[in-house]
Amino acid sequence: MAGRSDSTWEDKQIRFDVDDKNLECKPGEVVIDQLGHIEDSKGNKGDRGKMWITNLRVIWQSLEYRPCPNLSIGLNCIVNISQKVSQTRLRGRTESLFLLASNGTSEPRLEFIFMNLTPGKSRT
């Protein structure tokens with residue numbers, strides 16, 4: 001019988017393009033915040049998506065395509081988080097969230113950049 005630590009991957013792994021069932025909250029997982037109109041600027045530039053932040057992970061899912069490109073980034077994988085506000089000609093004032101994450105010490109670090117596409121809508 002697998003223990004809880006063996007069956008719970010959500011907080012310990014980075015997964016790309018998982019099926020919809022794996023994006024659903026697991027028992028004990030709670031959505032802390034939800035953001036609409038978020039672009040995964042590094043991997044899916046130009047795709048509008050939604051972001052959920054839970055007590056286990058950060059989830060981004062495209063609203064543009066089917067099947068939906070998506071990401072699940074376990075909170076224990078996040079090495080660094082930073083926020084940047086910039087002024088662009090195309091989008092005006094935008095706010096971006098930078099996440100640096102890794103699946104393990106021997107794995108390469110991955111950088112994720114999420115841009116808020118709603119002008120004037122800021123989170124602190």
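1. The radius of gyration here is taken over C-alpha atoms, and the globule rule is 2.2 Å times the number of residues to the power 0.38. For 124 residues, that puts a compact globule near 14 Å; the protein chain has 15 Å, which agrees. Note that this is a predicted model. The C-alpha trace spans about 55 × 30 × 25 Å along its principal axes.

2. Secondary structure comes next. The protein chain holds 2 helices and 8 strands. From the N terminus on, the order is α-β-α-β-β-β-β-β-β-β.

3. Burial and contacts, chain-wide. Of the 124 residues, 39% count as buried. Among contacts between residues at least 6 apart in sequence, 42% join residues at least 24 apart.

4. Surface and charge. The protein chain exposes about 7800 Å², and carbon and sulfur atoms supply 51% of that area. There are 18 positive and 16 negative charges, and their mean positions are 6 Å apart.

5. Thr-94 sits in strand 7 (residues 92–101). Its relative accessible area is 2%, so Thr-94 counts as buried, the cut-off being under 20%. Leaving aside residues up to four places away in sequence, Thr-94 touches Lys-84, Val-85, Ser-86, Thr-88, Met-115 and Asn-116. The C-alpha atoms of Thr-94 and Thr-118 are separated by 7.9 Å, with these positions 24 residues apart along the chain counted as their offset.

6. Asp-47 is a loop residue, placed between strand 2 (31–40) and strand 3 (48–54). Asp-47 is nonetheless buried, because its relative accessible area is 7%. Its contacts, not counting residues up to four places away in sequence, are Ile-38, Glu-39, Asp-40, Trp-60, Ser-62, Glu-64, Tyr-65 and Pro-69.

Technical notes: Residues numbered from 1 in each chain as written. Predicted model: local features only at pLDDT ≥ 70, side-chain atom pairs only at ≥ 80, totals over all residues. Heavy atoms only, no water. Helix = DSSP H or I, 4+ residues; strand = E, 2+ residues; numbered from the N terminus. Buried < 20%, exposed > 50% of the residue type's maximum accessible area, 1.4 Å probe, protein only. Contact = heavy atoms within 4.5 Å. Areas by Shrake-Rupley, 256 points an atom, 1.4 Å probe, with all protein chains shown as cover. Lys, Arg positive; Asp, Glu negative; His and termini not counted. Charge placed at Lys NZ, Arg CZ, Asp CG, Glu CD.
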